[in-house]
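I opened the notebook with two things to look up: one sheet and the helix across it, and then the contact between two chains.

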Amino acid sequence: MRQNIKFVRDGKTVELTNVDPNETLLDYLRLTEGSCGTKEGCGEGDCGACTVAVGSIQDGQLEYQAVNSCIQLLGMLDGKEVITVDDLSKGQDGLHPVQDAMLKHHGSQCGFCTPGIVMSLFTLYHTEKAADRNSINNQLAGNLCRCTGYRPIIDAALESCTGSAEDRFSESLEATTALLKKLDDGEDLFVGDEERFFAAPASISSLAQLYETHTDAIIVAGATDVGLWITKQLRDLPKIIHLGRVKCLDLIKDNGDEIIIGASATYAQALDSLTSIDPDVAEVIRRIGSTQVRASGTIGGNIANGSPIGDSPPLLIALDAKLTLQKGNKTREIDLEDFFVDYGKQDRVAGEFVSQVRIPKLAPSQTLRSYKISKRFDQDISAALAAFRFTHDNGIISEARIAYGGMAATPKRATETEKTLVGMDLNNSNDWQKAIAALELDFKPMSDMRASAEYRMDAAKGLLIKALHETSGIPTTNTRVIGIREAV
Amino acid sequence: MLHKSPDKEAQTTKPLTDTVGKSNKHDSAERHIKGNALYIDDIREPKGTLHLAPGYAQATSGIIKSLDLTAVKSAPGVVAVLTAEDIPGINDCSPAMGDDMILADGHILFHGQVIFAVVAESHLEARKAARFAKIEIEETKPMVTVEDGIEQDASVLPPYEFLRGSPKDTISKAPHKIMDSFRIGGQEHFYLEGQVSMAIPGDEGEMLVHSSTQHPTEIQHTVAKMLGVSDASVVCECRRMGGAFGGKESQAAQWSALAALAAHVTGRPAKMRLDRDDDMIMTGKRHDQRCDWQAGFDDKGKLSAVDVEFLSRCGCSADLSLGVNDRTMFHADNSYFYPEARIFSRRVKTNTVSNTAFRGFGGPQGMVFSERMMDSIAIKLSMDPLDVRKINFYGEEGRDVTPFGMKVEDNILDELVSELEQTCDYRKRRDALNQFNKTSPFLKKGLALNPIKFGISFTLKHLNQAGALVHVYTDGSVQVNHGGTEMGQGLYTKVAQVVAEEFGIDLDHVKITATKTDKVPNTAPTAASSGSDMNGMAAKYAAGTIKDRLIELAATLYQVDKEAVTFAKNVVQVGDQEIPFSELTKQAFLHRVSLSSTGYYATPNITWDRETKDGRPFLYFAYGACCAEVTIDTLTGEMTVDRIDILHDVGKSLNPAIDIGQIEGGFVQGMGWLTTEELVYDDQGRLRTHAPSTYKIPTASDIPEDFRVNLWNSTGNREETIYRSKAVGEPPVMLATAVTSAITNAIASLKPNTIPQIDTPATPENILRSVKQMQAGN
């Protein structure tokens, strides 16, 4: 068992023995290191001013991802490389190419979001594909700028992120890779004592054992939610168990007719596999949080925290996903929809953790449609999310699985609506009224700052109508302003 | 590349001089992108610096019955807990009216009002401790909405009215009339750098306050008044802000005062940086308003009379509500001549945070009204809305006087709007769009081309003054300082360009220094778009004074006429001799010639008298126009902005790249205000959208792929402004009314001659509600 945290900064391994489980990476950078280039804009991972790049070995290769340092716990960086805006042109004659382009295109005004934007673009610069408007929009969705209106930043990205990285970090790629591989020691990590610790077990058995001993510990995967308990609710979380180092818990497996996603696989890691199910699945994942959030956040976490407004649960419920839970060495599998018992209550006992989710692919007779409704398209929390899986033959629906988020205290199936849809003719829209009306039996949504109950119901109905039209064959160019399938 | 880049623009616009008119980089651009531009929270803290956090109650209005701070005081790291009793001087941080408490004293006026402040060894300890207070409030029923306030007859200031003719009678007799009421939402500034201040105590009674503020002089005054010391004892400094947008004009004062109070009480440096949620809960926003109006017009859509009432939610105190709401009235006409008009504004008091300045300063609300009126007339008469706008433009004699009596002398509306109409292909796109809407059952498109006309000058006359201080050093380098503050708008760069031009030296020889009240005193806030106009001119005068001395010296030393001394390219031409600028400055020192000077500018021709409603409030108007195309989804209310074309008038641009940055950024900020940015208060008056997770400003994908921005090819401001340029900070925000008009246009396609009811922001919810109302009538 290892009792210190190790990560790479500026080509050297940093070792810290005295790490509070609640300390954030941002506080470490600004208060301990005195690296003040990285800014705090919101403290909740929503503005991106604190964006830094984190390097890690993915499938043997060094990859950089943008993360929000304000809600990354310092211990989560174990085994990784951290790069901040202060490092980009350190010791260099000129600026980094993305900095150059930002300068040339007048990409900063007040400059406060700029370090985060530069770091987001830095990770885009280090991806192998040349950037286009879509990839830039996605990359920047988590970086708010209040001054420029983004146009010069987008131009800077188009010019500099060409898919071939040549900078001091690509030059030292091998050295950094070697350093990181050395840090991947397969040891359980435990910093602190029995009362207050940051732990990152290296195997599923260690995780199970530790969690059975400390059932009061908080399990953290990406900390995109738990981070806010610390920075916003100011809760003290004395015992943290991080999943990021657990071998095999991040597995992603395509079994031909189903996909298995391990609990610690991030959205970013799972995206490609999930895209193979349907473009609408990819679009829902794309609109969860931001690039920074998807680099840290996990589908396992999105399920396990039981939020009524998580975006992946209704989608996975419509796909008839199964959830595996583990306690000690015992595992059990349940229908995902049964996991969500009530608001704030899930079917999970003390010491038991989510280990994986199994997602069936679509049969040839099945059509999936899913939609997210929010005030802003990117990086917003849903007012409502709807997912429909219709099994149909010759225009007649034989089975419907429909789930909505944001419409009840949990992600929930529209069982009455499903029933009325069976046998319905997709080509006769007059026939649909009963099903649309049935949504009112299924849901009594509430009003909050995201939407009124009335709007949620109206939109829910509109989405059902849209899904039926699309399933009947109308192209989405005629039915959508966003997420057009034909463009994929 | 997107359609128009500033580099392209810079190439097509010939610089006015060697330096002025060039697209120089923002002075801090390189530091921004390297992360070494220092904001207040980045300044190395002096040893022993303490940190503050505010404490407040969970009530909206009432009387503080008891305040138990025992647990706060004994929390880890806490050094002191400040309450109103600790204030040695006056407990007020208001800009003028004396009605904003630094720390609550007995009464709670809104949810988030600061009752105490924790001073602790760390920011986190202060924040944690602040939550341990036990506060009992005897709650009273809060006034949340303007309707609540009106029911109680509550106002922060008396109402105000412009009246010309008898509009009510004229409307009743008009061939056509419309009567309508709608709501205009407020807006959170969401500057990326939250409110922050650090106070460092000096010799007894002295205080240095670093503040992220648009108004260092007001910080100086507030702190001095709070401490009970003279203004001369307090210095306020601001190098840069991480955004402000009006939100740091009056709103920075409270946090500076608290930091200074903590420094005074403990004798240690103290810093107050608001957490984002606290910032959004505790600081004022753009005024939301209800707008009740009626108008009379003829068959061609030409107005005969307009009667409009703005019911403005000012919040719990006056703050800057007088100027803000006056400006709503000054711009309720936008670009249109109202032969008869009543423009009335009620400044309603509510138990919500006191609303404040926000880019446009009330003007945007006025223009949202005028544009809704134009759209409504067009729908009612089945006309193209652009034709209705054009027929109502200010024009020749008889149609050139505003409802407040100022003659519009610099009108370029017809030319500018016609040019944009051509270049954006308005008519052809209108036809294509009509065709699309006929055949598209679920998606509907809308198109609008809206003008703006925005008055430049503070409507509070005495604020139209600025000072500058220029030092030339013997090595030929120059320091420039002025009363304006840098919030990202590029003011420092523009002023430095002016000074470099004056001395004929390279821009990098001019060192820009932080705005500081001990360098240039008694300044106006950097607001009302006036920063470059006023400080640029003051700096030019300061540099000009030194230049005159250098000319005189050179003429004497080298026995030439003064006219034979010129400055360019770092060289002084003296007759047929060329002397390096740095040589002449050395000579000046040796010959005991002062190389330092102040400069002072007071905007001319401002004669507005608020009491008599007479005179001229503005030196000139800035113009622009925007064409927006949108698509709405009638099943969900979702909307995308598909294309934007902007043509904007900045006179002769001081810096085209910076000006285009202001136009693009201002437009996108305005678009956010009118579409995704929704402030939601619950029925207890508590703001529910107090973080970026719930309050949604535009992100990169919200701007259209097709985004074309051009500067109007101006012959120059007809007034004698700095290099004949025009102010550009605020006007572009209002270009975004074209987006709401386009949305209205799209919804209106659902049912002929029916005016859609739609409030702003046009969220998916508001759009769908409007769509359903239209469909229900079918």
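Before reading any pairing, I noted that two strands pair if DSSP finds at least two bridges between them. I also kept in mind throughout that this is a predicted model.

On that footing I looked up strand β17 of chain B, residues 465-472, and found that β17(B) pairs with β24(B) in the antiparallel sense over seven bridges. Within this pairing I followed H471(B) to its bridge partner in β24(B), which is S596(B).

I then traced the sheet around these strands, an open one of four strands in the order β19-β18-β17-β24 of chain B, with mixed pairing. Its edge strands are β19 (510-512) and β24 (596-602) of chain B, each pairing on one side only. From one strand to the next, I recorded a twist that averages 25°.

Which helix lies across β17, β18 and β24 of chain B? I found α16(B), residues 531-558, running at about 140° to β24(B), with β18(B) spanning 478-482.

My last entry concerns the contact between the chains, which takes 73 residues from chain B and 67 residues from chain A. Among the elements that give two or more residues to the side of chain B that touches chain A, I listed β25 (620-633), β26 (639-648), α18 (656-674) and α20 (764-776) of chain B. The largest share of that side comes from α18(B), with seven residues. Sorting the side of chain B that touches chain A by class, I noted 28 nonpolar, 24 polar and 21 charged residues.

Key:
Residues numbered from 1 in each chain as written. Chains lettered and ligands numbered in written order. Predicted model: local features only at pLDDT ≥ 70, side-chain atom pairs only at ≥ 80, totals over all residues. Axes fitted to C-alpha atoms, helices over the stretch in contact; angles between N-to-C directions. Contact = placed C-beta atoms within 7 Å. Nonpolar A, V, L, I, M, F, W, Y, C, P; charged D, E, K, R; others polar.
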